[in-house]
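Biologist: Please give me a close look at a single part of this model, beginning with what surrounds it and then following it outwards into the rest of the assembly.

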Amino acid sequence: MSEKKLAIIATKGTLDWAYPPFILSSTAAALGYDVMIFFTFYGLQLLKKNLNLKVSPLGNPGMPMPMGMDKWFPVIGTAIPGMESVMTMMMKNTMKKKGVASIEDLRELCIEAEVKLVACQMTVDLFDMKQSDLLDGLEYVGAASFFEFAGDADVTLYI
Amino acid sequence: MADFDQELDARGLNCPLPILRAKKAINGLESGQILRIIATDPGSVKDFEAFAKQTGNELMDSAENGGEFTFLMKKG
């Protein structure tokens, strides 16, 4: 049985959107897939040595809010200063209580399973990000390198 | 339930941790040895079936008892 391949483009830099790429990659690796994640734009936040990911209720009507705030103060309730930190803390507590792995742990499991983490050089430059702030051992590549891997991938996802 | 060579307690863990821990444990076994997994994640029932199908390991048994799921996985 030849090895299957999974290619993911990760473009989002919030706590909730950090989960799909790392959950799918670690699981695919456990199933024997060869996996690459191409991090671009806000997805680069997921590669920082010190993760500081937040979840935002702003512009997200699907997010459950405490005390029915979204019902009494739609839009404004979600825009109150500090709401992002409060919601992030609540989300992290709930995840811990429900046995959901942290992003740090899932990312570590991906690295252990030899998932290839590659950063988009163009957006690293665009945002003036320092390589020293990002994980060691990353590859910095462009779109052509993504296609070199994804061209014959069995599954390709844009997240 | 049949005998087993190693046991993995995945109670309280949520997707995808039971699968990832099981994979790690199976890596340490010899072919033909059996891993017993205990989990509380209801999603793990379908997931261990799918895991077995895709990895060539054999899911010998899958049972539920009072909210706990027990699996026997034989390394292929």
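Modeller: The buried residues of helix H1 of chain A are covered by elements that include S1, S2, helix H4 (83-97) and H5 of chain A, together with H1 of chain B; contact here means C-beta atoms, placed from the backbone, within 7 Å of each other, and the elements are DSSP runs numbered from the N terminus, helices being H or I with at least four residues and strands E with at least two. This is a predicted model, in which local features need a pLDDT of at least 70 and side-chain atom pairs count only at pLDDT 80 or more, while totals for chains, interfaces and linings use all residues. Residues are numbered from 1 along each chain as its sequence is written, and chains are lettered from A and ligands numbered from 1 in the order in which they are written.

Because 12 of the 16 residues of H1(A) are buried, this helix is largely enclosed by the rest of the structure; a residue is buried if 20 or more other C-beta atoms, placed from the backbone, lie within 10 Å of its own, exposed if 12 or fewer do, and partly exposed in between. The buried residues begin with Leu15(A), Ala18(A) and Pro21(A), and they then run without a gap from Phe22(A) to Ala30(A), with Ser25(A), Ser26(A) and Thr27(A) among them. From its first C-alpha to its last, H1(A) reaches 23 Å, close to the 22 Å expected at 1.5 Å a residue, the expected span being 1.5 Å times one less than the number of residues. Just after H1(A), Gly32(A) takes a positive phi of about 95°.

Two of the covering elements are strands that pair with each other: S1(A) and strand S2 (residues 34-39) of chain A run in the parallel sense over six bridges, where pairing requires that DSSP finds at least two bridges. In this pair Ala7(A) stands opposite Met36(A). S1(A), residues 5-10, is itself mostly covered, with five of its six residues buried.

Another covering element, H5(A), spans residues 103-112 and contains Glu112(A). Glu112(A) and Ser26(A) are 86 residues apart in sequence, yet their C-alpha atoms are 9.1 Å apart in space. While Ser26(A) is buried, Glu112(A) counts as exposed, because it has 12 C-beta neighbours inside 10 Å.

The helix also takes part in the meeting of the two chains. In all, 11 residues of chain A are in contact with 11 residues of chain B, and H1(A), residues 15-30, gives the most to the chain A side, with four residues. That side of chain A has six nonpolar, four polar and one charged residues, taking Ala, Val, Leu, Ile, Met, Phe, Trp, Tyr, Cys and Pro as nonpolar, Asp, Glu, Lys and Arg as charged, and the others, Gly among them, as polar.

Around H1(A), chain A has seven helices and five strands, in the order β-α-β-α-α-α-α-β-α-β-α-β from the N terminus. The C-alpha trace of chain A spans about 55 × 35 × 25 Å along its principal axes, and 30% of its 159 residues count as buried. Of the contacts in chain A with a separation of 6 or more, 77% involve residues 24 or more positions apart.

Across the interface, chain B has two helices and four strands, which run β-α-β-α-β-β from the N terminus. Its C-alpha trace spans about 30 × 25 × 20 Å along the principal axes, and 34% of its 76 residues count as buried. H1(B), residues 17-27, helps to cover the buried residues of H2(B), as do S2, S3 and S4 of chain B. Those buried residues are Ser44(B), Phe48(B) and Phe51(B); seen down the helix axis they fall within an arc of 55°, so they line one face of H2(B), the arc being that of the directions from the axis to the C-beta atoms. The face turned away from them carries the exposed residues Lys46(B) and Lys53(B).
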